[in-house]
Amino acid sequence: MSPIAELLIVLNRDGGEALHRQIEASIRDRIRSGALPGGAALPPSRTLAAELGVSRGVVVEAYAQLLAEGYLVSRSGGYTQVAARRAQSPAASSPASPPPPGPRPAVDFGYGRADVAAFPRATWLRSVRRVLTEAPDDRLGYLDGRGAPELRAALSDYLNRVRGTNATPETIVITNGYAQAVALLIAVLAARGATTVAVEDPSASDDARPIAEALGLEIVGVPVGGDGVAVDAVSRLNADALILTPSHQWPTGGVLSPGARAAVLAWARRTRALVIEDDYDAEYRYDRAPVGAMQGLDHDRVAYAGTASKTLAPGFRLGWLVLPRDLVLPFTEAKLLADRGSPVLDQLTFADFLSHGEFDRHLRRMRPIYRARRDAVLRALAEHLPDLRPAGIAAGLHLVAWLPDDLDETQVIEAAARDGVAVAGISAYRLAPSPAGGLLFGYSNLSDRAIGDGIARLSAAIASLRAGREPGEYAGS
């Protein structure tokens with residue numbers, strides 16, 4: 001039996017219920033009943049749409065909702081499958097115990113995190129109290145899918161002043177972090193006929209790739225150089241959307257030059273593509289004022305994505321999009337369909353926090369702290385591992401150290417782990433293979449002592465690797 005026949009979808013076109021809702025319900029019921037087991041492949045959205053006699057956007061919307069609910073998962077190659085479901089024995093009334101965690105590393109150079117211990121609890125509490133005292137009663141009801149108007153107004157003022165955007169409260173939509181923002185935006189683009197999404201290579205595309213592949217979109221990589229994405233490769237690109245980190249390329253740290261930004265925007269105008277600007281940590285710049293956002297140069301071709309995860313704490317799940325006007329309504333509809341809107345008290349609290357200048361004060365307090373920790377990493381690398389080449393040091397909460405040719409990235413990471421150091425490599429974030437190996441050093445929540453200890457341990461691990469291969473060659477550390 002074909003996968004389409006197994007779905008057994010019957011549409012009532014005269015019943016008044018949206019077609020995508022009927023498709024969702026049919027697939028969901030088949031999964032719950034066990035008729036569609038875990039791992040079963042679903043047909044591509046185009047194939048199912050043709051079989052059912054509906055537009056592809058209807059099927060895309062149904063798949064996106066089931067993916068968000070966890071009934072479906074994406075697999076490499078663009079396949080959509082039923083999520084694996086744990087089989088339960090009738091005699092088992094409680095879930096099996098998870099495997100015991102491995103030993104915690106002595107030093108963890110994890111990246112992409114803020115120092116949550118430095119979260120400004122006292123000032124945040126003052127904002128919470130003001131909100132609970134002063135917020136109108138109707139703010140506790142269902143809101144416009146774009147989010148609380150107070151937060152959209154406060155963000156518009158802040159982003160235009162600090163990040164150089166061209167935003168209005170009407171073009172901002174509040175999301176549950178960047179992950180939801182990019183997932184919903186890709187689904188909206190797919191429903192409009194998009195077929196290809198381009199990402200930087202290397203990049204942190206984990207949030208974008210699964211949803212794009214689940215919706216049948218092709219993912220293509222664009223090479224990155226020392227100053228960000230390669231403009232000559234962009235000029236030849238055939239894609240409907242390009243996800244960029246122009247103010248601090250993740251993970252290499254390059255900053256896209258004014259000329260390169262203009263070239264990217266010229267490509268977007270010529271091809272009518274959308275640039276999705278991920279501005280994840282640009283407020284933390286150490287050598288100059290933060291570089292302005294690309295969105296301010298062309299608000300019709302750029303969707304600007306921001307988040308409080310790196311500046312305050314990821315647990316709040318606060319993110320926002322500044323959208324071209326033609327995308328505001330379809331994105332808002334997708335947001336309402338996904339979750340009926342983000343938690344309002346967090347939105348109102350952040351709006352108060354922004355409006356009273358507390359966010360600016362928090363950033364001013366944290367910049368010198370993070371800069372000092374970055375400097376500690378650079379000093380320790382210079383002392384213990386001078387042949388590693390640091391890059392991307394001007395901003396953010398991590399830096400890259402490129403490995404010399406005689407060191408294999410995977411072997412270094414494994415050796416470091418045996419010596420109690422957790423450090424990630426850059427290869428996991430590449431789409432195309434590259435001989436260049438590098439390590440990612442996150443430093444946001446490490447003390448100077450921990451940084452020095454971690455890099456000394458890493459140096460000893462590398463010395464052991466070198467001695468094992470070519471005894472007597474390495475005399476450092």
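How many salt bridges does the structure hold? In this predicted model, the count comes to 20 salt bridges, and the tour begins with a few of them before moving on to a helix and some backbone details.

**Salt bridges**

Select Asp-108 and Arg-113 to start with, a pair that forms a salt bridge in which the closest N and O atoms are 3.8 Å apart. Asp-108 is partly exposed, at a relative accessible area of 28%, and Arg-113 also counts as partly exposed, with a value of 29%.

Go on to Arg-139 and Glu-150, whose salt bridge brings the closest N and O atoms to 2.8 Å from each other. This pair links distant parts of the chain, since Arg-139 sits in the loop between helix H5 (121-134) and helix H6 (149-163), while Glu-150 belongs to helix H6, with their positions 11 residues apart. Is Arg-139 buried or exposed? Arg-139 is buried, because its relative accessible area is 17% and the cut-off for buried is under 20%; Glu-150, by contrast, counts as partly exposed at 29%.

Next, select Arg-192 together with Asp-326, a salt bridge with its closest N and O atoms 3.2 Å apart. Arg-192 lies in the loop between helix H7 (177-191) and strand E6 (196-201), and Asp-326 is in helix H11 (residues 325-339), so this salt bridge ties together parts of the chain that are 134 residues apart in sequence. Both ends are partly exposed, Arg-192 with a relative accessible area of 49% and Asp-326 with one of 46%. To finish with the charged pairs, select Arg-21, Glu-24 and Arg-28, which are joined into one network by salt bridges that share partners.

**Helix H5**

Now select helix H5, a stretch of 14 residues that reaches 20 Å from its first C-alpha to its last, close to the 20 Å expected at 1.5 Å a residue. Which residues of H5 are buried? They are Thr-123, Trp-124, Ser-127 and Val-131, and they lie on the same side of H5, because they cover an arc of only 100° around the axis. An α-helix has 3.6 residues a turn, so residues three or four places apart point the same way. Show helix H12 (344-355) and helix H13 (358-384) as well, since the cover over the buried residues of H5 includes both of these helices.

Then turn to the face of H5 that points away from its buried side, where the exposed residues Arg-121, Ala-122, Arg-129, Leu-132 and Thr-133 are found. Leu-132 counts as exposed at 57% relative accessibility, and, together with Leu-140 and Leu-345, Leu-132 makes a nonpolar surface patch of about 310 Å².

**Backbone details**

Most residues other than glycine have a negative phi, and most peptide bonds are trans. With that in mind, select Asp-201 and Pro-202, which are joined by a cis peptide bond with omega of about 10°; Pro-202 is in the loop between E6 and helix H8 (209-214). Another cis peptide bond joins Trp-250 and Pro-251, again with omega of about 10°, and Pro-251 is placed in the loop between strand E9 (241-244) and helix H10 (258-271).

The last stops are two arginines. Arg-272, in the loop between H10 and strand E10 (274-278), has a positive phi of about 60° although it is not a glycine, and it is exposed, with a relative accessible area of 65%. Arg-340, in the loop between H11 and H12, has a positive phi of about 65° and counts as exposed at 52% relative accessibility.

Technical notes: Residues are numbered from 1 along each chain as its sequence is written. This is a predicted model: local features need pLDDT of at least 70, side-chain atom pairs count only at pLDDT 80 or more; totals for chains, interfaces and linings use all residues. Side-chain values use heavy atoms; hydrogens and water are left out. A salt bridge is a side-chain nitrogen of Lys or Arg within 4 Å of a carboxyl oxygen of Asp or Glu. Buried means under 20% relative accessible area, exposed over 50%, partly exposed in between (1.4 Å probe, protein chains only). Helices (H or I, at least four residues) and strands (E, at least two) are DSSP runs, numbered from the N terminus. The expected span of a helix is 1.5 Å times one less than its number of residues. The arc is that of the directions from the helix axis to the C-beta atoms. Contact means heavy atoms within 4.5 Å. Patches are made of residues with over 30% relative accessible area and no salt bridge: like charges are joined within 9 Å, nonpolar side chains (Val, Leu, Ile, Met, Phe, Trp, Tyr) within 5 Å. Accessible areas come from the Shrake-Rupley method with a 1.4 Å probe; for residues, only the protein chains shown count as cover.
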